[in-house]
Structures are given as structure tokens and as C-alpha cells.
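Trainee: Hi! Could we go through this structure together, one topic at a time?
Mentor: Happy to. Let's have it up on the screen.

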Amino acid sequence: MLPPDAFDRDGFLRRLDDWTPDVARQIASAEGLALTEGHWEIIELLRNYYREFDSSPAMRPLVKYCALKLGSDKGRSIYLMSLFPGSPAKLGSKIAGLPKPDNCL
Amino acid sequence: MIYSLLVMSSPASGHCAMTAARFAQALVARGHSIKRVFFLDAGCCNGSATAVFPQDEDQRLEPWVTLAEQNGVELVLCIASALKHGMLDDSEARRYDRPAATVHPAFIVSGLGQLVEAVACADRLVTFGG
Amino acid sequence: MAASEAKRVLLVIRHSPYGSSLARASIDLALAAAAFDQDVSLLFLGDGVLQLCPDQQADAVGSRNLGRLLASLPLYDITQVYVDADAVTRYRLDLAAAPVTAQALDRQAISQLMGSHDHLVGF
Amino acid sequence: MILHTLNASPSSAAFADCLRLISPGDALLLLGDGVYAALPGTPARLALDDSAVQLYVLHDDAAAAGILGRIDSAHLIDIQGFVELTERFSRQMAWY
């Protein structure tokens, strides 16, 4: 468990290097989520997106990227919403330990 | 006509930012409406409540504040640029644990979506850079 | 933003990727416009074509990698990407290796492109 | 038709790119360091004259630069003239 000051006021990691799967569980639990296999698949995808494009995705590219990598069943916003309610791109990025989107879309 | 202005010029270098403010005043005087003035990159420093300019030079903040307060012109600083330039309103100062707000209350700190919308709504977009 | 009012916007990007913050701002604006379903086109002009250099290693200077960000443009459905053919020649760039597919235009085609959009944003 | 505005000196890449893409019938407003491109007899001014662009210079910026006396008053406009140009031309391209 990371101490509370490892996170900023919005619950994002202050130091991206702190991220581990356990930290992901900790962030998710603070958001009221228990991570399932479906969540982990998207978390891994988000981390790959960040490695490939050096940025956290907005909703539309995340959906397209999912369709590309996981097939059209999962490349749908309704599927992502069911896993990460509210704002899937933002919430998913937070749990996956990606930088807080600075463009505030 | 409906205008939107994009200001990328710094208030501290050159006088293009002041030309932009005078342009906005002239628009109002000719009866045009200004949907929004969006400040991007170094332009976001135009919203500084704390910058000090020499007494015998133009005051760089005042014309913008007048536009906002007397003519109802919406002034928006790009949040990504603003943060990098130390331009924080009250809520951003709290969010990032900084000692004070530096943005004048006549300005709003918000995202690039505000520029996208301002461009989409405008008959004319006029950009000031350099 | 009513669809009937849709404006065609061309971003004219003239700055190199790491020499100033303008390059990053212009790409961020493109992504924001796409996220709001706006019709946005990009033109890399003059030194702006340097953003299309392959193998950018921005971590060497502690920056985000703009080349890799450009590679995500198709995921934002930004496909109208144009590049200044004269500048490509001047810098001997290999467009086939660029991080994003861009159509090379000569002087006259660029003038036509600028004339066919409602708003121009010069960066 | 496009209203070009140039806020960069005639030695800049901005000026070179602007000059390359200006079309006959376009207008060009010089402001800031751009005003030096209006100096008669200079290579920049000769190139602009060849381009058949409608040339305008922001009065106060030319005054600050100390070149007011060398520019034909027909080209000089004030801020209201700038507004009028944006009324006539539906698009503006800023070079800086």
C-alpha cells in the first residue's frame, strides 16, 4: 500500500514509477472498483497505448485502439463504460498509472 | 459578425498582445460581438494578476479586465499552458498545493475545448502570435 | 456546436517539434478538435515538416515524444494531414518513414488548401 | 482570398513562408517587426510589390519603429482599419 501522499488531490499517482499491479488495485478500490480480468485487459492496453503514443488517450482513440487490439466486441464505448463508469478514459488512465491528461478535454 | 480571438503573444515581449486588446476594443466599438478570447501558450500570461510593468509603460492587464467587466467579453486561459507558466486560479493553486493564485479573476482557466467551440461558432477567427 | 454550423479548420504548423512549445500546442488543439467531432486538417509548413522526422528520442531532453503523439492522429480520425513538399525536399526528409501518413503538396496546392477552409490557425 | 498578418522581420522564415504562399488578390497587414518589410527599395518590399498583394502597415507599429516617414500613407491603417480588413476577408492567416 502506498501512503496517501503518493497521490495528488485527484487521486493520480505523483510519481509514475510507483505504479505496480497492487497500486492499481489500491487506486481502483479508492474508486469503489474491484478489478476483474476484463479490467486488467484494458489496463494493460492503456499502458501499451502510453508506450506507443507517449500520451493518455481521449475516449474516441481509446475505443478505436480497443477495437484494433481486442476486437470489435470490446472496441465499444458501452463496454468500456461498464468497466470504468463515468469517464472510462480518465478513470482507466488513473488506475493504469498514466499521467493525468493535461489537455482537460 | 461574431468574432473569436486567439492570443499567443506574451505581454512581456513585443506589443502584439496589446494590439490584440486594442483590436478587441475596436471590434466592440464597431458593434461586432466577441464569442471568446482564448489565450494559448505564452499568451496565457496576459491573465497575470501579479506581473508588474514599468509605471511609464502601458498597463498590460487593464485593457483585458475592462473588456471583461464592461463589455462582458469572455477571457479564457488554456489550462495546460497556464499551469506551465505558473498561471493558477484559486482551484488550481489548491489542486497543486501552490502558495497563491496568480490569475486575475476576470479570466477563466479552462481546456482547449473552449477554443474549439469558439472557433466553431465564429464568423471570423483572428490569431495574434509572436 | 450545431452540425449545420460545422466549420472546416486548417491548422498551419510552422514550428519544429522541440524548439518551442508551439508545436505541442498545435497538436493538442488538433486532438481537442477531433475529440469534439470537428472537421480539422493539418498542414506542416516550412520548419513544421521537421515534426515528421522518424526516430525522435525526446526522452533524451526530458520531453514528451511529439513524433509518437503524431502517430496517434489516425485513432482520433484525423486523416487530412498535408505537408509542404518544398520543405520536405529542402530538409531531405523521407516521408515514407514519417510517424504519420501525410500528403505532400506543392505551393499552388497549399494555396488552394488554405482557400478551401473556413478558418486558418497559424502556429 | 486571405488576409495575411505578419509579425516577424523580413529576415525570418515566417516572412519567407508568407511570401511564398501569398496569392494575387490577398491582403497583407504588417505589424510588429513585420513593418520593416514595407521599407521602399529593400528586397523584401520589392518581392511584395511583385506578388501583387494589397499591402497594409499598422500605423502605430511603423511609428514606433521610426520608419513612418518612409512609408506611403496610402498603405498605413489604424486598428479600426485592421478590423475593416477582417470584415472584408473571411479568413486570416497569422505569420509570426
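Trainee: How many residue pairs are in polar contact between chain C and chain A?
Mentor: Keep in mind that this is a predicted model. Between chain C and chain A, eight residue pairs are in polar contact, with both residues at pLDDT 80 or more.

Trainee: Which elements of chain C give two or more residues to that side?
Mentor: Those are α1 (22-35) and α2 (66-70) of chain C. The largest share of the side that touches chain A, three residues, is from α1(C).

Trainee: And by class, what does that side of chain C have?
Mentor: Eight nonpolar, three polar and four charged residues.

Trainee: How many residues of each chain are in contact there?
Mentor: On the chain C side 15 residues are in contact, and on the chain A side 18. Together the two chains bury about 1,500 Å², with 51% of it on carbon and sulfur atoms. In chain C, the residues that lose the most area to chain A are Arg64(C), Leu75(C) and Tyr76(C), together 43% of what that side buries.

Trainee: What about salt bridges across the interface of chain C and chain A?
Mentor: The rule finds three. In one of them, Arg60(A) meets Asp77(C) at 2.8 Å, N to O. Arg60(A) also forms a salt bridge with Asp37(C), where the closest N and O atoms are 2.5 Å apart. That pair crosses from helix α3 (residues 59-70) of chain A to the loop between α1 and β2 (39-44) of chain C.

Trainee: Are Arg60(A) and Asp37(C) buried or exposed?
Mentor: Arg60(A) counts as partly exposed, at 24% relative accessibility. Asp37(C) counts as exposed, at 61%.

Trainee: Let's switch to chain D and chain B. How many salt bridges are there between them?
Mentor: The count is three salt bridges. Among them is the pair of Arg22(B) and Asp60(D), at 3.1 Å, N to O. Chain D and chain B also have twelve residue pairs in polar contact, both residues being at pLDDT 80 or more.

Trainee: Which elements of chain D give two or more residues to the side that touches chain B?
Mentor: They are α3 (59-65), α4 (79-88) and β5 (91-95) of chain D. With seven residues, α4(D) gives the most. The class breakdown for that side is eight nonpolar, five polar and four charged residues.

Trainee: And how much do chain D and chain B bury between them?
Mentor: About 1,600 Å², 58% of it on carbon and sulfur atoms. There, 17 residues of chain D are in contact with 20 residues of chain B.

Trainee: Now helix α5 of chain B. What do its buried residues pack against?
Mentor: Within chain B, they pack against β1 (2-7), β2 (33-39) and β5 (124-128), and in chain C against β1, α1 and β5 (119-122). The buried residues of this helix include Leu115(B), Val116(B) and Val119(B).

Trainee: Which residue meets Glu117(B) in a salt bridge?
Mentor: Arg36(B), at 3.0 Å, N to O. The pair links distant parts of the chain, from strand β2 to helix α5 of chain B, 81 residues apart. Arg36(B) is buried, with a relative accessible area of 4%, while Glu117(B) is partly exposed at 22%.

Trainee: Where is Cys121(B) found?
Mentor: Cys121(B) is in helix α5 of chain B too. Leaving aside neighbours within four places in sequence, Cys121(B) is in contact with Ile2(B) and Lys35(B).

Trainee: Why is there no bond from the sulfur of Cys121(B) to another cysteine sulfur?
Mentor: Because the closest cysteine sulfur, in Cys78(B), is 18 Å away, too far for a bond. Cys45(B) is also unpaired, because its sulfur is 4.5 Å from the closest one, in Cys44(B), which is too far as well. Over all chains, the count comes to zero disulfides.

Trainee: One last residue: what does the side chain of Lys7(C) reach?
Mentor: It reaches the backbone oxygen of Ala122(B), at 3.4 Å. Lys7(C) lies in the segment before β1 (8-13) of chain C and counts as buried, at 14% relative accessibility. Residues that Lys7(C) touches include Val119(B), Ala120(B) and Asp39(C).

Technical notes: Residues are numbered from 1 along each chain as its sequence is written. Chains are lettered from A and ligands numbered from 1 in the order in which they are written. This is a predicted model: local features need pLDDT of at least 70, side-chain atom pairs count only at pLDDT 80 or more; totals for chains, interfaces and linings use all residues. Side-chain values use heavy atoms; hydrogens and water are left out. Contact means heavy atoms within 4.5 Å. Buried area is the accessible area (1.4 Å probe) that two parts lose on being put together, summed over both. A salt bridge is a side-chain nitrogen of Lys or Arg within 4 Å of a carboxyl oxygen of Asp or Glu. A polar contact is a pair of N or O atoms within 3.5 Å; within protein, one must be able to donate a hydrogen and the other to accept it, and residues adjacent in sequence count only if both atoms are side-chain atoms. Helices (H or I, at least four residues) and strands (E, at least two) are DSSP runs, numbered from the N terminus. Ala, Val, Leu, Ile, Met, Phe, Trp, Tyr, Cys and Pro count as nonpolar, Asp, Glu, Lys and Arg as charged, and the others, Gly among them, as polar. A disulfide is a pair of cysteine sulfur atoms within 2.5 Å. Buried means under 20% relative accessible area, exposed over 50%, partly exposed in between (1.4 Å probe, protein chains only).
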